[in-house]
Amino acid sequence: MADQTQIDSFLTAADKAAKRILETVQQDGFIDCFSHLDADGVAAAGIISKALYRLDARYRVRVMQWVDDKIINDIIADKPQLVVLTDFGSGYLQLLNEKVPDTKIVIMDHHQITVKVDNSNFVQVNPHEHSIDGATEISGSGVTYFVAKALNPKNADIAPVALVGALGDMQDKYDQRSFGGLNELILKDAVQAGLIRVEKDLTFFGRETRPIHRTLATTTNPFIPGLSGEEDKALVFLSTLNIELKRGGRFRALSDLDEDEKKRLCSALAEYMLSQGLHVEVSNLIGNNYVLVNEESNTALRDAREFSVLLNSTGRMDRPSLGIAICMGDRGAALEESNNILEDYRKNINKYLGWVTEKPDRLRELDNIYVINGEDFINEKIIGTVSSIMVAGLANNQKPLIAYAKVDGEDSVKISSRTTEAALQRGVNLGDIMRLASEKHSGKGGGHNIAAGAQVPITKIEDFIFTADELVGRQLKGETLAGDNNS
């Protein structure tokens, strides 16, 4: 966990970035912003948008899958006075330095840094530069939040959005699903401002919006044999506890239960899980829930984890502007449309998961990894979500999962890799695996130790998989990989 010296060093970098942005605004310069398309990236885009709007800046924000030739060509053509990259950029420093070295760029990222670049035009705020873990202690939206707060202390009211982004990146890794490091400071801001309330409760997803029986049936963390995926059995289980499922013609959600009902449900679940031999998983039943107190009850924005899924859906379904608008405070048309997008997103995920499990050969097990070939069926923008869900149910939790799908309109594939804490303990670092394997096969990649991505030509994918399998095997044996500067 970061100490005060590391935190102070990070905050100094955030101040430097804020000064670069303020200088541009004061000179009436145009700011071109790009952000990643996942929940964390959309949250970061919303934070920088609100901060720049409050400065009356001239700016544009776009959400992209990665830094590519399109972004580079836009920068060259538009000649903005400043480029801002949020939730990505640190893995593209060399590319930026080669293509647009004279452009002033501010990078607010939390992914592993692949190379060092000495260019005074580039200002980078990244926790890894200060020996802070960007996979667990702060997300891209969190980095952007600290820069926004340095721009104007009033921007502390955007703290909940930064935590939503962190939850989108599953950074509630500490005791009872709490935050650590710099995320703790953001939570402190949000709680002191009366914007978030932390509740110890059952941590099942959908506690605000899903009927109780459906919440039990769809839970994967923890996975409960006999209940997860079994809606009818979940109904029977709840009926034995005398918990009223409907009230006033509406199905009740977990958040609607009174304390006595919650205690009965929790005790019964613990007893059932112990009978199934799930001793460790029982400890995961109760944890911290983050309630956005100014949002309406029984909506997707009330619970921060559900909020993050809503943002993720807008980015993955090519409607990130809706997510940005919600982060900036829109609770009208943008929210209504986003709820529809969320439903479509969930349907797509179920369709893709069904497709993967339909035929056993769609999930291959190699020596050191599992592989899913999404072909041109799974949308490449949703392959990351599929891999995040599937990795939790693998037979061997020591093996990472690598999933890929064809990029629409291109002769390349998008690769998403995920692994478990058990594999991390044995030395697996997917950020390094994706970077090294993709660079060997004419691509680009990187990310975190637990989750990373890459893109390679479609003709190279089997070679890439072979290399990734070999590299994971070497890491599992304790080897330091050549060119690995993050181990």
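The following exchange goes through a few residues of a predicted model and the terms applied to them.

Residues are numbered from 1 along each chain as its sequence is written. In this predicted model local features need pLDDT of at least 70, side-chain atom pairs count only at pLDDT 80 or more, totals for chains, interfaces and linings use all residues, and side-chain values use heavy atoms, with hydrogens and water left out.

User: Why is Cys327 called buried?
Analyst: Buried means under 20% relative accessible area, exposed over 50%, and partly exposed in between (1.4 Å probe, protein chains only). Cys327 has a relative accessible area of 6%, so Cys327 is buried.

User: Why is Cys266 called buried?
Analyst: Its relative accessible area is 19%, so Cys266 falls under the 20% limit.

User: How many disulfides does the structure hold?
Analyst: Zero, where a disulfide is a pair of cysteine sulfur atoms within 2.5 Å. For Cys327, the nearest cysteine sulfur, that of Cys33, is 14 Å away.

User: What makes Glu375 partly exposed?
Analyst: Its relative accessible area is 39%, which lies between the two limits, so Glu375 is partly exposed. Glu375 sits in the loop between strand S11 (370-373) and helix H15 (383-390), and its phi is near 50°, a positive value in a residue other than glycine. Helices (H or I, at least four residues) and strands (E, at least two) are DSSP runs, numbered from the N terminus.

User: Why is Ser442 called exposed?
Analyst: Ser442 has a relative accessible area of 53%, which is over 50%, so Ser442 is exposed. The loop that holds Ser442 lies between helix H17 (430-440) and strand S14 (444-447).
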